[in-house]
Amino acid sequence: MIKLTDAQVLAAAAEERLINVVSAPGSGKTTVAAERYGFQRYLRGDSRGVLGLTFNRAAAAELRERVESRWGAACVGGAHRVITFDHLHVELLFWLLRSEMITWPDGLTELEVRDDYRGIQGHRFLTAGSYIRYARLDSSNAVISASRPVAKPESGIGGVADHRAVLQSGVVSHEDVRQILRSAMQAADMREFASAWLTANYRALVIDEVYDADDLDIFIAYLAAEAGLSVTLIGDPWQALYKWRGARPEVVDKLIKATSEPFIAYDQPESFRFSGAQMPHLAVSLRAGQGVTLPETVSTQVDVALARNWGQLWSVGDNVLPLAFRTVNSATDAAMNLLLDVATRARLGVPSFGREGALSKLGLDRDYFQTRQDESLGPLLANLREGQPANEVLESLRLAIKALGARRPNRLSAVKESAVEAQLGRLAARLAHPTVIPGLTVFQAKGREWGRVGVVLSQSQVATLAAGLQELEEEDCIIYVALTRARRACGRLADHGHVAEIEELSLEL
């Protein structure tokens, strides 16, 4: 039996229809979400479903598991579900298609929805100034291919013929599903359809990590609130990380103020995460916007290394094994990711980050690859560990990928080829290390905690931290989330070249 604080009980069992639960790190946010879901689920008098919503599959699985362990498997079943917003959007799109509110090329009503278009002809890395294709509705509510300029380099389909072909084949990415629904929600009749569909199926929404929501997610929450559903928002504006992915944390405040009935706030300020001398004081100082200077540490004194991007994690200690080299853009990137996956599973018990995208990029059959991966790629790691030159290992990797059923990844330019070989050299150092700790980006670490955390900070981040962090500022939130993953101690990891200067320093244990 779990023991709840008074604040948690008040939020979980709140009688108001619309509530906003603001949860500090370690305050039991997921616990409150599971309690609120169960409370709503077992209210009598309405057979419609209760819907728990999160923003990725891992978070949905965690919340669902928490609900089942607390309330029993029957709490999640039938009309009552815990799913991602992407899942909800796909269902709404299918109902719009089947109701002939919108039409798909060639009249299709059944689609294959993918995370992205990796592995599809025409998908590539697009530079700023070029154009990327996306799906939207035309004036007759038919799905078409449109284009927009690329502001920052990103991956996608740039050619109209390639994009039209993939849509005509019945394949669509989650992002294109969102783009189509954004277009659809501009029309009053489709807004009414969406509202009626929500009302017919659900009586309550419990939205976890609401500050990770984008404009479409928030609009769906608004429709539900205005349609008379109970809507519970749970999150923390200090932990809003995903603006780069389209999140609009500033829109949450607009939602709270826009509904005809007000949202009632239930704060959860008490944290159960922090202990010792450093972290309780640090957490309070960060949230108060006070300037902070982190103590320096080394990777052998922490349980995990965190950074804004993957590249930073490869230079802060040979015992740090990052879960990725970089974002998978090329076939060589994908091959390197799958090689790293063998190492991360063996040394850390977890897959590489981006593994599924790497398989899609190479067009490999997932089931067949899994049966052959270790025997095909494992020897390459052994050779790398034993000192085989990186260029020879890279050539063997390309041949192995071809033998597994993909096209042989092309050789890169001299500069890029040298960079990949350097990556293999850094991996070799980790393979030779007797024990390793995981290296994660802050985005992958959100929602998790460790006893001792080492954080990689740039000089600009150090200056920002010293000046005091601000709520809802994207870069400030990244720093805040990184530092508050620690239960007992958090320190700044120095560049490898400076390790000798601080090797005697240690974090408080």
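**Exercise 1. Locate Glu100 in the fold, and describe its backbone and its accessibility.**

Step 1: Glu100 sits in the loop between H4 and strand E4 (112-114), where helices (H or I, at least four residues) and strands (E, at least two) are DSSP runs numbered from the N terminus. The model is a predicted one, in which local features need pLDDT of at least 70 and side-chain atom pairs count only at pLDDT 80 or more, whereas totals for chains, interfaces and linings use all residues. Residues are numbered from 1 along each chain as its sequence is written, and side-chain values use heavy atoms, with hydrogens and water left out.

Step 2: Although Glu100 is not a glycine, its phi is positive, at about 60°. Most residues other than glycine have a negative phi.

Step 3: Glu100 counts as exposed because its relative accessibility is 67%; buried means under 20% relative accessible area, exposed over 50%, and partly exposed in between (1.4 Å probe, protein chains only).

**Exercise 2. Carry out the corresponding analysis for Leu472.**

Step 1: Leu472 belongs to the loop between helix H17 (459-467) and helix H18 (474-483).

Step 2: The phi of Leu472 is near 75°, a positive value in a residue other than glycine.

Step 3: With a relative accessibility of 24%, Leu472 counts as partly exposed.

**Exercise 3. Describe the largest nonpolar core, and state which helix gives the most to it.**

Step 1: A nonpolar core is a set of buried Ala, Val, Leu, Ile, Met, Phe, Trp, Tyr and Cys residues joined through side-chain atoms within 4.5 Å. The largest such core has 101 residues, and those with the most contacts inside it are Leu93, Trp104, Ile207, Leu465 and Leu483.

Step 2: Helix H4 (residues 85-98) gives the most to this core, contributing eight residues.

Step 3: Setting aside neighbours within four places in sequence, Trp104 is in contact (heavy atoms within 4.5 Å) with Leu93, Leu97, Leu111, Val143, Leu167, Gly170, Val172 and Ile180.

Step 4: Apart from this core lies another, of 35 residues, which includes Met336, Val342, Ala343 and Leu359.

**Exercise 4. Characterise the largest cavity, and then follow Asn337 from its lining.**

Step 1: On a 1 Å grid over the protein atoms alone, a cavity is a set of points where a 1.4 Å probe fits but cannot get out, and a pocket is an open set with protein on both sides within 12 Å along at least five of seven lines; lining residues have an atom within 4 Å of a point. Grid points are joined across faces, edges and corners, and a volume is the space filled by probe spheres set on the points.

Step 2: The structure holds three cavities of 30 Å³ or more, and the volume of the largest is about 40 Å³.

Step 3: The largest cavity is lined by Phe325, Arg326, Asp333, Met336, Asn337 and Gln423, with helix H11 (residues 331-348) giving the most to this lining, namely three residues.

Step 4: Asn337 lies in helix H11 and, at 3% relative accessibility, counts as buried. Its side chain makes a polar contact with the side chain of Ser352 (2.8 Å); such a contact is a pair of N or O atoms within 3.5 Å, and within protein one must be able to donate a hydrogen and the other to accept it, while residues adjacent in sequence count only if both atoms are side-chain atoms.

Step 5: Beyond neighbours within four places in sequence, Asn337 is in contact with Val328, Ser352, Phe353, Gly354, Arg355 and Ala358.

**Exercise 5. Analyse the second largest pocket by volume, lining and contributing elements.**

Step 1: The second largest pocket holds about 740 Å³ of space. It is lined by 25 residues, of which Asn329, Ser330, Ala331, Thr332 and Lys361 are the closest to its centre.

Step 2: Strand E5 (123-126), H11, helix H12 (355-362) and helix H15 (414-432) are the elements that give two or more residues to this lining, and H15 gives the most, with five residues.

**Exercise 6. Place His123 and list its contacts.**

Step 1: His123 lies in strand E5 and counts as buried, at 12% relative accessibility.

Step 2: The C-alpha atoms of His123 and Gly158 are separated by 7.1 Å, although these residues are 35 residues apart along the chain.

Step 3: Not counting residues up to four places away in sequence, His123 touches Tyr117, Arg118, Ser155, Gly156, Ile157 and Lys361.
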